[in-house]
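Visitor: I would like to go through the contacts between protein and DNA in this model, one strand at a time. Could you take me through them with the structure on view?

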2 protein chains.
Amino acid sequence: MDHSSLAQRLGRYLPLAEPERDALATLEESERSLPRGGVLCAEHAPTREIYVVRKGWLYSSTLLSDGNRQILGLHLPGELAGDAALPWEKAPFAITAATDAVVRVIDKTALRSLLTHQPRIGALLLALVQIERMAIADRLASLGRTSAKSRVAALLIDVLRRLRAGGSDVAGGLVLPLTQEEIGDATGLTAVHVNRMMRQLTDEGLIGRSNGRVRVMDEARLAGVANHIDRYAAIDLSWVPPAI
Amino acid sequence: MDHSSLAQRLGRYLPLAEPERDALATLEESERSLPRGGVLCAEHAPTREIYVVRKGWLYSSTLLSDGNRQILGLHLPGELAGDAALPWEKAPFAITAATDAVVRVIDKTALRSLLTHQPRIGALLLALVQIERMAIADRLASLGRTSAKSRVAALLIDVLRRLRAGGSDVAGGLVLPLTQEEIGDATGLTAVHVNRMMRQLTDEGLIGRSNGRVRVMDEARLAGVANHIDRYAAIDLSWVPPAI
DNA sequence: CGTGTCGTTGAGCTCAGTCAATAAAAGTGG
DNA sequence: CCACTTTTATTGACTGAGCTCAACGACACG
């Protein structure tokens, strides 16, 4: 357990000071492994922890009362999961492993002292959450106002850019370890229609597929179809209090 | 300018300590009035401020490259607006007045020192943002996985409960100061179809309408149609660092 | 008393959903 | 390693919820 995962995540935007890194290093406790399909945190289960993904993909989802499922977001390696559940005693969504996965577990109560003693980390975390909030807002616009093809394209582009931001090598094409049912639950479509849209994107030369592997052939054009806006390029955290 | 609006907003969940209230009281600067339709902050405009709504309704929206608009969220009296734009130099969304409105303006840089010196306010703000993030997630599920009628019902129920939480009297029916076009942009529908859904809700006795005024006749049944889950009831902020 | 905005309703169309059948993988136990 | 089951992907035919286009009425406002 060499470095702090949370420090790595927060450090993506601004360099952390020595005492901050030290404080973060004391946070992480255990590592937990899950098989594909394993539930890290069930909906309505008590929430005592937040997670940092080390390996694999996970997703958050809610089950509507009519039985439908909505995937609220994906959690790729290096990203947080479960932090959105902080203000609730019982989880408002489930967290499930889309692939075999490994996560670091951080205790909620441990966060408490961290926020008190390292206010700058609190501010940075606040910024991080706002960024993720805007990401959901963009997905809201995607579901509310774009076609099925755009939505699928948006998912692909989003994943591609986040994997890249997380340091993964995506040049050789990415493995999309989601079933079409899952893609549907994320984009508000049926699995059948996801399949048709993937076929269309393939026929148009935007993506290539071979045994589950999806390769983005023309990122710019795909981003165009997706109505994608790269928010990450313009992030500005100069308002975060400076390191002491 | 008697009390701090932000203090009122944050104090909804936990009592604030004296020094915290004092710190918040120094924050607020000016009050700004807007006519209906007035733009508080244009998309891509520099973001130097966040806002607290005093009177009237506002909404945040993005314009997609295909010309479609998505309303990302409403801002009712007592609520924050523009805080989601904190991590960007240029606003990722516009803020527009849905009615004549009055807002308090808080400077971004003023927040900086507040977060440094009052870490507990940072934590509380973090919680508040997570709550708003979950609210968008619920809307995502609404757009992605429910029918047009449900979405309109969800909007109505959401507004009703937030108005109530903000201290408004909604017993006599609420005035919904949104055009059907705006409701459509919020719910991912066309204005025409919003109209049909409102008619249906009216015919089923769930709501009553008279000259723009909407009255919720059967809140429980409407909440059922909306697949609504009341997140506010279960909020638990015991993990926030205690006041000194 | 025009003129523009908003709400309302009808008719027809289309995108995405439903149902169904088959193929292709991926597990699973012997 | 093979037989067997379950999951996932794919495609076609049909249906329907929600969109488009269009017309008209009701206001508000200069």
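Guide: A polar contact here is a pair of N or O atoms within 3.5 Å. Please keep in mind that this is a predicted model.

Visitor: With that cut-off, which base atom of DNA strand C lies 3.4 Å from a polar side-chain atom of B:Arg196?

Guide: The pair counts as a polar contact because its N or O atoms have to be within 3.5 Å, and the distance from the side chain of B:Arg196 is 3.4 Å. The partner in DNA strand C is a base nitrogen.

Visitor: Which part of A:Ala148 lies 2.8 Å from a phosphate oxygen of DNA strand C?

Guide: A:Ala148 belongs to the residues that come nearest to DNA strand C, a group that also holds A:Arg196, B:Gln180, B:Asn195 and B:Arg199. On the phosphate side, A:Thr190 places a polar side-chain atom 3.2 Å from a phosphate oxygen of this strand. For A:Ala148, the atom at 2.8 Å from a phosphate oxygen is a backbone N or O atom.

Visitor: Which helix gives the most to the surface near DNA strand C?

Guide: The surface near DNA strand C has four nonpolar, seven polar and five charged residues. Helix 7 (191-203) of chain A and helix 7 (191-203) of chain B each supply at least two residues of it. The most, with four residues, is given by helix 7 of chain B.

Visitor: Turning to DNA strand D, what percentage of its atoms within 4 Å of the protein belong to sugar or phosphate?

Guide: DNA strand D is surrounded by 16 residues, and the closest are A:Gln180, A:Asn195, A:Arg199, B:Ala148 and B:Arg196. One contact goes to a base, since B:Arg196 has a polar side-chain atom 2.9 Å from a base oxygen of DNA strand D, where the limit for such a pair is 3.5 Å. Among the atoms of DNA strand D within 4 Å of the protein, the share that belongs to sugar or phosphate is 71%.

Visitor: How far is a phosphate oxygen of DNA strand D from an N or O atom in the side chain of A:Arg199?

Guide: A:Arg209 has a polar side-chain atom 3.1 Å from a phosphate oxygen of DNA strand D. For the side chain of A:Arg199, the distance from an N or O atom to a phosphate oxygen of this strand is 2.5 Å.

Visitor: Which helix makes up the largest share of the surface near DNA strand D?

Guide: By class, this surface divides into four nonpolar, seven polar and five charged residues. Its largest share, four residues, comes from helix 7 of chain A.

Terms used: Residues are numbered from 1 along each chain as its sequence is written. Chains are lettered from A and ligands numbered from 1 in the order in which they are written. This is a predicted model: local features need pLDDT of at least 70, side-chain atom pairs count only at pLDDT 80 or more; totals for chains, interfaces and linings use all residues. Side-chain values use heavy atoms; hydrogens and water are left out. A residue is near a molecule or strand if one of its heavy atoms lies within 4 Å of it. A polar contact is a pair of N or O atoms within 3.5 Å; within protein, one must be able to donate a hydrogen and the other to accept it, and residues adjacent in sequence count only if both atoms are side-chain atoms. Ala, Val, Leu, Ile, Met, Phe, Trp, Tyr, Cys and Pro count as nonpolar, Asp, Glu, Lys and Arg as charged, and the others, Gly among them, as polar.
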